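Visitor: I have a complex open on my screen. Could you walk me through it?
Guide: Certainly; here it is.

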Amino acid sequence: MNIAIKTDGLTRKFGDFTAVAGLSLTLPAGGVYGFLGPNGSGKSTAIRMLAGLLLPTGGSGSVLGLDILTQSEEIKKQIGYVSQKFSLYSDLTVYENLDFYGGLYSLKKTERAGRIEKALALTALTAQKDLPAANLSGGWRQRLALGCAVLHKPRLLLLDEATSGADPDARRLFWQLIYRFAAAGTTVLVTTHFLDEAEHCDRIAFIQDGAIIADDTPENLKASLPGALYKIPSPDPVGLLEGLSAQGHDMSGAYIRGQSLCVRTVGAPPRFAGDGTQKIAPALEDLFIYLVEKKRAKRHRP
Amino acid sequence: MTRLTALIKKEFIQMRRDRITLAIMVVMPLFQVLIFGFAINTDVKHLAAAVFDQSLSRESREFIEALTATEYYDITCAASSLQEITDQLQAGGVKAGIIIPPDYAAGLKNGRGSQVQVIVDATDSIAATSAINTAQLVGESKSREILVRKLRAAGIAGLETSALDVRIRPWYNPDFITAFYMVPGLCATILTLTMILTTSLAIIRERERGTLEQLMVTPLRPYELMLGKIIPYIAMGYTQLTVLLLAAKLVFGVPFQGSVFLLYLLTGLFITASLGLGLFISNTAKTQMQGIILSFSFIMPSVLLSGFMFPREAMPTFFYYLGYLVPITFYLKIIRGIVLKGASAEQLWPQILVLCAFIAIVMSVSILRFKKRLD
Ligand SMILES: Nc1ncnc2c1ncn2[C@@H]1O[C@H](COP(=O)(O)OP(=O)(O)OP(=O)(O)O)[C@@H](O)[C@H]1O
Ligand SMILES: [Mg+2]
């Protein structure tokens, strides 16, 4: 099996604060992987260590078979990276940005021109090629950043929250691109806050407080939710939740979703369930809530 | 090479797009050289003076006329009491007070001699010095004139010439025109100021905009980044130099004794040294504000230590040697040497070598210090 990324106890501290705490994972080449986690959980820090932008303070790792501690310059030639912040030159046009990055990857003139044309077509930016990058809206900018990051045909793409600030349509378009690259054999690692995006991944790692708390395919992750999930429709789910709590029921695993209350139980359906109660299939969000709650409960236990 | 050309091309495009900065870079040096060139004049003329003439004689009028004829004094006030002179000096209305005693004419006639008091506001030492020198000169020449007249009246002749004749020949700037000395120095100061400031922001700006992070994940080498940040601004520096030299020639009439080609060639070294210094600052500072403050805290003392305004020979030993740490000290020798004295490359070897060493040091430090990492 060809390994794209392998880390072993990868750790990064900033002073006393541990941003990434012993990350160990093995990602085979090919496919789309997602890092899913709340703000500040250490996703960007982890990705930056893989890209050679930050030195780990502990542990080890390799990217495309190259050591991240000693061979980061070799790694840089073979990966594409899109950072969380918009990081292109807003005073340069779309074409000039692409041309600049093509030059940085030492692409010769004619080859560069050909690849830029292709990248423009792929990212649907051909009509905008002479527009200053500053004039592009969020979704377009992200596509341009992606275009710049793939000119040199990287074997691994690291996309750090590449779709933040894009509207649903732009996000859909962006994911179409990601699938294309994956289909062409590129390994793609994305970080995201969006659960629906995570569903698109072949494999997901849930990250919290710098550590992986779950790591599997979306299907397996959903199936791993213990117990069953029930949905109790109610015109006033807040009132229902408060009422049930007041009656002494353990509502710690319950949460409101739209016009209904979701309750997870192990074993029989909850006793208080009314007529409309349905057993539902868990979504990633339900697992996410479960994992975060579990971790939080563990942390608060003395 | 492809990477470096890509970087240089990008810098030129950005420079061209930022029209306002570009205009400032060309117009600002022009304004600075005009303002400083005209305003800095150590030869202080037309000092406002008050006269309290108690003698009111032909002799006293002659003395006052001799003073005003030098153009160093403008009599703006005829005072009628000592107190009035004191008040005027205190208020700053005049910079000098001339007091002629009632027995001035009588004293000259009967040979006892007379006293004229010149009170000078010495808060501005440069103005005071030229006022004092002028008053002394006028006093001496007047008294010699009177002496000769008297001797001749007594029948003794042949004493018009002094016994000792010291002939001073001021070379290179015979008319003591301050601008000739100041304007080449100004060119150096303005060049180093703008060059250091532009590059000091070059890397910080990319860092703050997040583009540096993107550059760091490409195969770009640190030395390519540093060169790419310097080369486009050398062109900018030469543009400024041209504007400055044209102003020096056309506005101030500075005579160019030496080779303009040599001046351009050697100025390239100074521009590069200044740009390298700016890069060094850019690598050290974390924010644009820090970059600007650091730049100024380097530029201000280095201009003073360089001997641009005050001769280095007058500085305490420590500060004299401190001046050897800044490139502008050496470039001043080059530009003044070539422009005013027609110096040749052979005569400027020490300065050329020092500037080359300076470039080598700041560039290597900047390149070695630059890590392609965020921490
Ligand atoms: N250079 C740094 N110095 C100090 N602390 C840092 C630094 N970079 C990141 N951190 C801290 O490390 C933690 C993890 O940050 P990181 O950016 O990796 O999180 P993230 O999961 O990407 O969050 P987000 O979803 O907001 O992008 C945060 O608490 C952040 O404040
Ligand atoms: Mg992040």
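Guide: Helices (H or I, at least four residues) and strands (E, at least two) are DSSP runs, numbered from the N terminus. B:Gln14, for example, sits in helix H1 of chain B. This is a predicted model, in which local features need pLDDT of at least 70 and side-chain atom pairs count only at pLDDT 80 or more, whereas totals for chains, interfaces and linings use all residues. Residues are numbered from 1 along each chain as its sequence is written, chains are lettered from A and ligands numbered from 1 in the order in which they are written, and side-chain values use heavy atoms, with hydrogens and water left out.

Visitor: Is B:Gln14 buried or exposed?
Guide: B:Gln14 is buried, as its relative accessible area is 11% (buried means under 20%, exposed over 50%, partly exposed in between, with a 1.4 Å probe and protein chains only).

Visitor: And what does B:Gln14 touch?
Guide: Leaving aside residues up to four places away in sequence, B:Gln14 touches A:Tyr89, A:Asp91, A:Leu92 and B:Arg209. Contact here means heavy atoms within 4.5 Å.

Visitor: How many residues are in contact between chain B and chain A?
Guide: On chain B there are 27, facing 34 residues of chain A. The area buried between the two chains is about 2,800 Å², and carbon and sulfur atoms give 54% of this; buried area is the accessible area (1.4 Å probe) that two parts lose on being put together, summed over both.

Visitor: Which three residues supply most on the chain B side?
Guide: B:Gln214, B:Val217 and B:Arg373 supply 23% of the area that chain B buries against chain A, more than any other three residues.

Visitor: How many salt bridges are there between the chains?
Guide: The count is four, a salt bridge being a side-chain nitrogen of Lys or Arg within 4 Å of a carboxyl oxygen of Asp or Glu. A:Glu73 and B:Lys372 form a salt bridge, with N to O at 2.7 Å.

Visitor: Which helices of chain B take part in that side?
Guide: Helix H1 (2–17), helix H7 (178–209) and helix H8 (211–216) each supply at least two residues of the side that touches chain A. H1(B) gives the most, with nine residues.

Visitor: Changing topic: what surrounds ligand 1?
Guide: Ligand 1 has 14 residues around it, the closest being A:Gly40, A:Ser44, A:Thr45, A:Gln84 and A:His193; a residue counts if one of its heavy atoms lies within 4 Å.

Visitor: Where does A:His193 approach an oxygen atom of ligand 1?
Guide: A polar side-chain atom of A:His193 lies 2.7 Å from an oxygen atom of the ligand. For A:Asn39, a polar side-chain atom lies 2.8 Å from a ligand oxygen atom.

How values were computed
Polar contact = N/O pair within 3.5 Å; in protein donor to acceptor, adjacent residues only side chain to side chain.
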